[in-house]
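User: I would like a close look at a single part of this protein, a strand and its surroundings. Please take me through it in one connected answer.

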Amino acid sequence: MTDQNLTTAQSGPVEIAPVQPAVVPAEARAHAEDLGAFVAASPSSYHAAAEVARRAQAAGFTLLAEDAAWGVTRGGRYVVVRDGSVIAFTVPDAAGPTTPFTIVGAHTDSTGFKLKPKPTTHGAGGWWQVGVEVYGGPLLNSWLDRELELAGRIVTHDGTEHLVRTGPMLRIPQLAIHLDRGVNDNGLTLDKQRHTQPVWGLGDAQSADVLAALAADAGVDPAAIGGYDVVLAETQPARAFGAGQALFASARLDNLLSTHAGLTALLGRASSGVEPAGTGVSTSSTSESSTSIEMFAAFDHEEIGSASRSGAAGSFLEEVLVRISTALGAGPEERSRAFAASLHVSSDVGHAVHPNYPERHDPANHPVAGGGPILKINANQRYATDAHGAAAWNAACRDAGVPTQEFVSSNVVPCGSTIGPISATRLGIRTVDVGVPILSMHSARELTAVVDPWYLSRAMSAVLRG
């Protein structure tokens, strides 16, 4: 989308009332069901990237290896994975050296806990425990008394990577109220070291070996493990519930919700109206001719600042963009022109107004569940949205028939940030930050409206269409 398009796009959010439970569209329910399947397949960022690649390949995308030569051609569809990050893109038939990029971005990681070195410990009372480190900023209490699994990757001494997941195996037990009579009056305080180590078995210390359990899942000798990146994951399935089944609860909505929405939008654009097996792509989408290179990018490590080789602050996106433009005959001059005409829509979940804490929100801007995706705005550029980006987003929502809302934080409750400002700073591509309103952000289990993830994906499809 060019700057001229951005300037002439009509501004202002779409005035559409929130959907009522009785009229939640069947398409929205199907999208939520597929989102639940995507979350279940993605207990770690590595699994999420692999699931994106699997779905893309099922839709006819070619898997590229970073350490191999790329034969990117006009009319092609491609996907590339770097650790827990993934980028998929389509190249239009008429693409040239100055063809711009339209990117929908998200992140694959979620807050929680990561397995420490020397992870097997033996606690008091004969309990087997594992040592974990806090990852990001989780609501610690939400992880108590849940059946958890270990998931991630192990790398053997020969350099082979194996995805692993144990299934329900661990639990962080809360102290009984009989042993802490004042907990409901004084509040629960958890020591991040002493009170968050899960139990996973009983017996003598010599018999416990959590790495052996991971090795068994991968089918390798425990002695062959050279390294691992393994997290705890909540295992309860996602589900719709409430009046009219209009609410949707799931682990890792932050930010697999946006990852799934962006992937669904890209595959829907590429599907020519035919639903690829296992993708959950709506058959209402078509592969209309595009004037831009359409791209979906999801990054790891957003929850801890994005500063890694596979994070948004790393080189992954830039290197992919350069390799594509080089294949199309671009030099530095043409690439700069393409970037100047490009657009990145960075999507991450945001805060719906909490009914029990309305004073924590801006008094005039109250995003509601079921009211559509949110446009994120922050004067201090914690979100990258500017006037041109807002106009582009509102125009896309209008084209898609999707309601949209604006989010800004209360001046006394600072907001978080996203991949948006980071990628905008690195690449100079105009970026707008959006998302879906949820409750219980950074809980082990988060809550949204069934209709909003579908709205987001439709809006993303309109962005890609241009």
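Analyst: What follows looks at one strand, its faces and its partners, and then turns briefly to one helix residue. The model is a predicted one, and the description should be read with that in mind.

The strand in question is β14, which spans residues 343–347. Of its 5 residues, 5 are buried, so β14 is largely enclosed by the rest of the structure. In a regular strand the side chains alternate between the two faces of the sheet. Both faces of β14 are covered, with Leu 343, Val 345 and Ser 347 buried on one side, while His 344 and Ser 346 are buried on the other.

As for its partners, β14 pairs with strand β4, residues 101–107, in the parallel sense and over 4 bridges; here Ile 103 stands opposite His 344 of β14. Strand β18, residues 430–435, also runs parallel to β14 and is joined to it by 5 bridges, and in this pairing the bridge partner of Ser 346 is Asp 433 of β18.

A separate site for comparison is Glu 51, which is found in helix α3, residues 45–58. Glu 51 has a relative accessible area of 9%, and because the cut-off for buried is under 20%, Glu 51 counts as buried. The side chain of Glu 51 is joined to that of Arg 54 by a polar contact of 2.8 Å. Leaving aside residues up to four places away in sequence, Glu 51 touches Phe 38, Ala 41 and Ser 42.

Key:
Residues numbered from 1 in each chain as written. Predicted model: local features only at pLDDT ≥ 70, side-chain atom pairs only at ≥ 80, totals over all residues. Heavy atoms only, no water. Helix = DSSP H or I, 4+ residues; strand = E, 2+ residues; numbered from the N terminus. Buried < 20%, exposed > 50% of the residue type's maximum accessible area, 1.4 Å probe, protein only. Polar contact = N/O pair within 3.5 Å; in protein donor to acceptor, adjacent residues only side chain to side chain. Contact = heavy atoms within 4.5 Å. Pairing = 2+ DSSP bridges.
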